[in-house]
Amino acid sequence: MQTLLVLIVFCLGSGVCINVIDLSSSDSDVTWTFESKNGSITGRGSVPGGIYSDLQRTGVIGDILSGFNDVASRWVAYDSWTYTGRLTINQIPDTNVAHLVLEGVDTVAFVEVNGSPVGSTNNMFVRYVFDIKSQLKARDNEIRITFVSPVEAAQLRSEKHFAAPECVPDVYNGECHANQLRKMQASFSWDWGPAFPSVGLWKPVYIEFYNSAIIRSMTSHAEKVGAHWDLKIVAHLESSRKRKQIGGRIRASIKVNGGQTLTVDRAFESTTRDDGTSEAELNMTISENVISFWWPNGFGDQPLYDLHLRFTSDDFKETYEIHKQIGFRTLEVVEEDTSLLSCNDTAGPGLSFYFKVNGYPIFMKGSNWIPANILPELGSDIKTVDELLVSAREAHMAMLRVWGGGVYESDYFYQRCDQLGILIWQDFLFACSMYPADEEFLETVKVEIEQNVINLQHHPSIAIWAGNNENEAALRGNWYFTNPQFIKYKKEYVKLYVDTIKPIVEGLDPGRRYVASSPSNGKESEEEGYISEHPYDPHYGDTHYYNYLLDNWNQNIYPKTRFASEYGFQSLPSLATMRTATNNESDFRVDSAYSVHRQHSPGGYGFIQDQMNRYFRLDKSDTKYFEKLVFYSQISQAMAMKAETEFYRQSQADWYTMGALYWQLNDVWQAPSWSGIEYGGKWKMLHYFAKSFFAPVLVSPRLLLTHDVDIYLLNDRLVPIASGIITVDFFNWTSTTPMRSILIAANAHPLSSIKVPMSIALWKEEINEVFLRFSLVADGVGSSPYNYVFPIPFKSVKGLTKPNIQINVLSNIKPTTNGFRYTVEITTDTVVLFLWLETQEPGRFEDNGIIVTDPRITVNYVSNKQMSPQDLEKSIHYHYYMQE
Ligand code: BMA
């Protein structure tokens, strides 16, 4: 059914306004349908949307994340699909320009309006703008977008422009040659995710009508000069291709502290490029007295300032206005001779690699972000993005790396990062592959980089750009047997990341560092022609480190690095999360076809089991083997990441390591992976542990191979720790009363890791029976989590006994901003290892996987549901580690 379309008048302020017709399927004035190539499958389509979600919604395929449905529904990706939008425009606005704007087309498609071709697309990260003035007609109109199968398109391009690898490993159940398409690379499968090579209009679609020009986007550069900020604002204007000149008045206004609004306004006239674009620049000088600094999470607030930009054209007096929130902070990536570091004389030769924010060197704590959903149209879901980012903030993270195999995230994502103080290490979207560098490919990449840098540049959260994920390392390391063609691939690498991408980024965003790859040796890679001899050189840049063969809880295995931008270990998701993918109890075995299907990391379960067997004893014939494996795998992962992360934080003291971003924050399906948060949002033990191992103030021990224990005091704050007292309690396994305690005086400079000048020698005779607990009391330090040393594996300790645990929910329910906080009291008569609390009720415990060493502790439980303490108490069940 077609209805008469409503024009949205798009402008603020005075003057003639711009008309926009929104073509989202949620708008009742347009109907979208999809159709398979031979017409046998049709249905109502969604825009923004995609073919998998449409087929799922219309019941043609089942839940795509259930069972083996990724493979069972692969036919979808082999077919060609057409999306048709029908709309009735009663009266077409009589304007010079009528543009069809497709914010995101996934990926290779032909676009027709009323039967006439208007253009084609080949890059899902590009906004396409097509002139449809001569195609539109009064009343009924039809927009048709015909998608080529992405699998076929990739194959076809690969025949002409092959770039290694041949394909992903078989265990991924994936598709080949994702590198040929400018499409989310992980949509062809990854070692943590299924292949859903989708097609569709994954972002908004609309028609714009105007006469002169619009402001498509805005970039802003704030530089601190003496007692003021120099703010340069660039309006990126767009008009029709036919227009040669744009002229009018451009005005910027910003609301600063004290409610004052500052405004600049000027006349402007410029010649457009062939594509109808042009820029207008405005400068403002703002006193530092009316601006507050934006800080990363944990170091201060995140004040944001409303910036309005308005363009009024001379000829038609049309007005167009956009609005962004900006923040004021200085940020530089410091790569300087480490032998000259004033704060450290043990960093060895080479260059530092750290982020200096507002003049302070900040150790970056965080993780790596993969898309929030395997279907790109769902990855921007506000609730999911919000929960993940708030979870990151709660775990004291100040940086996330948006990894190169995903997408440029939604505007909402970056706005939330601005608000939450989460800095973004933004990869460009090339990952784990060689890439072609033919003309067609480079042309579309240019547009992609330009549009996305312009779109993201104003966010205070964006900290650094990186050309790709691991491609320098892959070429140097011959991952895909490219050595015989090393020179060819190196040439293409340089052509893409250095000759093409780098100048665009640096031209549009001169203030931010662009590194060609992550990991790389930063400046040193540049000196070595971008493919350095040893991309993992600990003396330079960032590193990625994975080792599944050694004992991951042993801090002595970890390598030095200036900045750890990836490291990780897998675990299984909880049974509750797995049950959203299968109800078949026989699937819950490591060797079931289902479990094998979900594990994409070759040898993955073996590595998890090896790690687990080092510390726990678990008999394969145990009737609860799988359930325990899930639990132990989460403990193993949490403890491994704790060991490694604290190693890096400690290493600020010697090697001047200045970052720890573990792999990976989130998940796209219910499967074993490196994530700390399961698909659906449930925190694994790792994420709870991150709250502690990333705590701003932490006593962090290192157990050496000699059984000596070094102690570090980590102070991730802008103020010192003065007159601190570290308490080391010696426990045996049978009691919550320490056998003896040692007190050590310790101080720490702001933003430092200090090795306490006293280590503890554990006697060989006692290591089977004792463990150590570390805590800190210091003026001005509100809280610092307990920390522990467990000298030998849990399976071998002597004296661990079954605890008597009582759970009691207190009656003091406190309202919070979006729910209620309940206090759960836990009492025990002895030490409890990894106490894991669960309830079916909605909400989250604020702490979990707890090492209980006090006879009474309390844990908060936060829920949006109001219930009686008794009901909550009854719903709580728990488990913990007990020797077999
Ligand atoms: C890294 C990442 C991903 C991968 C992860 C785990 O190197 O860049 O490509 O998922 O390792 O293997």
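# Exercises on a predicted model

Strand β18 (residues 245–255) is paired with strand β19 (residues 261–271) in the antiparallel sense, and the pairing spans 11 bridges. The structure is a predicted model, and the exercises below refer to it.

## Exercise 1: The partners of β18

Task: Determine which residue of β19 stands opposite Ser 253, and how many bridges join β18 to β21.

Solution.

Step 1. Begin with β19. The residue of β19 that stands opposite Ser 253 is Thr 263.

Step 2. Consider the hairpin. Between the strands β18 and β19 there are 5 residues, and Gly 258 in this hairpin has a positive phi near 85 degrees.

Step 3. Turn to the other pairing. Strand β21 (residues 305–313) is joined to β18 by 7 bridges, and the two run antiparallel. Here Leu 307 of β21 stands opposite Ile 254.

Step 4. Apply a general rule. Side chains in a regular strand alternate between the two faces of the sheet.

## Exercise 2: The surroundings of the ligand

Task: State which residues surround the ligand, and find how much of its accessible area the protein covers.

Solution.

Step 1. List the shell. The residues around the ligand are Trp 190, Asp 191, Trp 192, Trp 403, Cys 432, Asn 469, Glu 470, Tyr 546, Glu 566, Trp 663 and Trp 674.

Step 2. Sort the shell by class. It contains 7 nonpolar, 1 polar and 3 charged residues.

Step 3. Examine the polar atoms. An N or O atom in the side chain of Glu 470 is 2.3 Å from an oxygen atom of the ligand. For Asp 191, a polar side-chain atom lies 2.5 Å from a ligand oxygen atom. For Tyr 546, the distance from a polar side-chain atom to an oxygen atom of the ligand is 3.3 Å.

Step 4. Consider the cover. On its own the ligand has 310 Å² of accessible area, of which the protein covers 91%.

## Exercise 3: Two residues with positive phi

Task: For His 396 and Cys 432, decide whether each is buried, partly exposed or exposed.

Solution.

Step 1. Recall the general case. Most residues other than glycine have a negative phi.

Step 2. Read the angles. The phi of His 396 is positive, near 65 degrees, and that of Cys 432 is also positive, near 45 degrees.

Step 3. Locate the residues. His 396 belongs to the loop between α5 and β27 (399–402). Cys 432 belongs to the loop between β28 (423–427) and α7 (439–456).

Step 4. Apply the cut-off. A residue is buried under 20% relative accessible area and exposed over 50%, and partly exposed in between. His 396 has 27% relative accessibility, so it is partly exposed. Cys 432 has a relative accessible area of 17%, so it is buried. Cys 432 is also one of the residues that surround the ligand.

## Exercise 4: Cis peptide bonds

Task: Identify which residue is joined to Trp 663 by a cis peptide bond, and which residue follows Asp 106 across a cis peptide bond.

Solution.

Step 1. Recall the general case. Most peptide bonds are trans.

Step 2. Take Trp 663, which is among the residues around the ligand. A cis bond with omega of about 10 degrees joins Trp 663 to Gln 664, and Gln 664 lies in the loop between β33 and α15.

Step 3. Take Asp 106. The peptide bond from Asp 106 to Thr 107 is cis, with omega near -10 degrees. Thr 107 is in the loop between β7 (105–106) and β8 (109–113).

## Exercise 5: Buried elements and a buried loop residue

Task: Establish how many residues are buried in α15 and in β2, and where Ser 149 is placed.

Solution.

Step 1. Count in the helix. In α15 (residues 685–693), 7 of the 9 residues are buried, and the helix is mostly covered. The cover of its buried residues includes α5 (382–394), α14 (625–650) and β33 (659–662).

Step 2. Count in the strand. In β2 (residues 18–22), 4 of the 5 residues are buried, so the strand is largely enclosed by the rest of the structure. Strand β2 pairs with β15 (residues 205–210) in the antiparallel sense over 4 bridges, and Asp 22 has Tyr 206 as its bridge partner in β15.

Step 3. Place Ser 149. This residue is in the loop between β11 (139–147) and α4 (150–161). With a relative accessible area of 1%, Ser 149 is buried. The side chain of Ser 149 reaches the backbone nitrogen of Glu 152 at 3.1 Å.

Technical notes:
Residues numbered from 1 in each chain as written. Predicted model: local features only at pLDDT ≥ 70, side-chain atom pairs only at ≥ 80, totals over all residues. Heavy atoms only, no water. Near = heavy atom within 4 Å. Polar contact = N/O pair within 3.5 Å; in protein donor to acceptor, adjacent residues only side chain to side chain. Areas by Shrake-Rupley, 256 points an atom, 1.4 Å probe, with all protein chains shown as cover. Nonpolar A, V, L, I, M, F, W, Y, C, P; charged D, E, K, R; others polar. Buried < 20%, exposed > 50% of the residue type's maximum accessible area, 1.4 Å probe, protein only. Pairing = 2+ DSSP bridges. Contact = heavy atoms within 4.5 Å.
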